[in-house]
Amino acid sequence: MKLPDLRDPFGGYMLRRTLLCAVAAICLFAASRVGGVLADVGAIPMPPDRAADSYAIYSVLMPGAPFDSMSGQSQRWAIADTTINISDMNPAVPPEGQLKPPDDHPKRFHEAVRDFETRKYQRLQLTQQLELAQPYDLLNADQVAELRRAKTAVDAGSKLQAKYAGYPGVTFFSQVFFNAGHTAALVYMNNWCANLCQQGQWVYLEKHGGNWVRRSGIYEKMS
């Protein structure tokens with residue numbers, strides 16, 4: 001590729017314009033990344049054959065620590081409306097990096113890990129299908145960024161702080177990864193709040209009697 005002649009005014013202008021565009025693109029990418037979570041880019045709809053079990057699992061896990069100690073009559077939960085993928089996790093740890101398979105059903109766990117390997121770069125668009133005891137809202141990427149600014153920035157402004165005062169923070173989910181029979185599942189959950197609580201963890205669940213039950217998580221492994 002021939003570079004523009006800097007002695008030519010037009011060539012110098014084109015080089016400066018190219019450099020400015022490159023810098024702008026880098027800045028835009030950096031701005032889309034908020035504390036290790038990317039904006040809702042390239043999200044696809046939730047596959048219909050995964051929807052019922054996925055939303056049931058999200059509902060079982062909500063609100064999660066430390067939000068589960070913050071429940072109140074006026075409390076609302078904020079959930080990112082787009083799932084995060086392996087690239088969005090910080091650090092980017094696969095499920096087997098935090099969890100070990102249960103002794104009684106290792107095959108189910110490993111099948112769910114294979115599903116993760118197949119789909120780990122996907123992002124899914126969530127809809128309002130969780131069943132929670134308290135009200136919740138799905139926030140898009142701009143709203144998540146606003147919430148985080150309202151909770152952390154010293155110059156956030158009273159209007160912005162008031163807008164998000166009812167939320168203790170925001171919850172991020174990965175999509176749910178299943179074994180072949182949809183009787184076992186892996187999901188990543190990250191709760192962010194203003195006090196730097198960032199409880200990112202993988203959770204393994206199994207289906208018993210038609211209900212999803214949590215079997216293991218990072219805390220169980222570390223204990």
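**Exercise 1. His182**

Decide whether His182 is buried or exposed, and describe its backbone in this predicted model.

Solution.
- Step 1: His182 has a relative accessible area of 18%. Buried means under 20%, so His182 is buried.
- Step 2: The phi angle of His182 is positive, about 55 degrees, although the residue is not a glycine.
- Step 3: His182 sits in the loop between S6 and S7. These two strands form a hairpin with five residues between them, and His182 is in the turn.

**Exercise 2. Strand S7 and its surroundings**

Work out how many of the ten residues of strand S7 (residues 184–193) are buried, and which residues point each way from S7.

Solution.
- Step 1: Ten of the ten residues are buried, so S7 is largely enclosed by the rest of the structure.
- Step 2: In a regular strand, side chains alternate between the two faces of the sheet.
- Step 3: One way from S7 point Ala184, Leu186, Tyr188, Asn190 and Trp192. The other way point Ala185, Val187, Met189, Asn191 and Cys193. Residues of both sets are buried.

**Exercise 3. Partners of S7**

Find how many bridges join S7 to strand S5, to strand S6 and to strand S8, and give a residue pair for each.

Solution.
- Step 1: S5 (residues 169–173) and S7 run antiparallel and are joined by five bridges. Phe172 has Asn190 of S7 as its bridge partner.
- Step 2: S6 (residues 177–178) is also antiparallel to S7, with two bridges between them. Here Phe178 stands opposite Ala185 in S7.
- Step 3: S7 and S8 (residues 201–208) run antiparallel and share six bridges. Ala184 has Glu206 of S8 as its bridge partner.

**Exercise 4. Cis peptide bonds**

Locate Pro66 and Pro91, and state the omega angle of the bond that joins Ala65 and Pro66 and of the bond from Asn90 to Pro91.

Solution.
- Step 1: Ala65 and Pro66 are joined by a cis peptide bond with omega of about 0 degrees. Pro66 belongs to the loop between helix H2 (48–61) and strand S2 (77–80).
- Step 2: From Asn90 to Pro91 the peptide bond is cis, with omega near 5 degrees. Pro91 lies in the loop between S2 and helix H3 (106–119).

**Exercise 5. Salt bridges**

State the count of salt bridges, then place the partners of Asp115, Arg50 and Arg119, and the pair Arg76 and Asp137.

Solution.
- Step 1: With a cut-off of 4 Å between a side-chain nitrogen of Lys or Arg and a carboxyl oxygen of Asp or Glu, the count is eleven salt bridges.
- Step 2: Asp115 pairs with Arg50, their closest N and O atoms being 2.9 Å apart. Asp115 lies in helix H3 and Arg50 in helix H2, so the pair ties together parts 65 residues apart in sequence. Asp115 is buried at 10% relative accessible area, and Arg50 is buried at 6%.
- Step 3: Arg76 and Asp137 meet in a salt bridge of 2.8 Å, N to O. Arg76 is in the loop between H2 and S2 and Asp137 in strand S4 (residues 136–139), so this pair ties together parts 61 residues apart in sequence. Arg76 counts as partly exposed at 31% relative accessibility.
- Step 4: Asp115 also forms a salt bridge with Arg119, the closest N and O atoms being 2.9 Å apart. Both lie in helix H3, four residues apart, about one turn of the helix. Arg119 is partly exposed, with a relative accessible area of 21%.
- Step 5: Asp104, Arg108, Glu206 and Arg215 are joined into one network by salt bridges that share partners.

Definitions and conventions: Residues numbered from 1 in each chain as written. Predicted model: local features only at pLDDT ≥ 70, side-chain atom pairs only at ≥ 80, totals over all residues. Heavy atoms only, no water. Buried < 20%, exposed > 50% of the residue type's maximum accessible area, 1.4 Å probe, protein only. Pairing = 2+ DSSP bridges.
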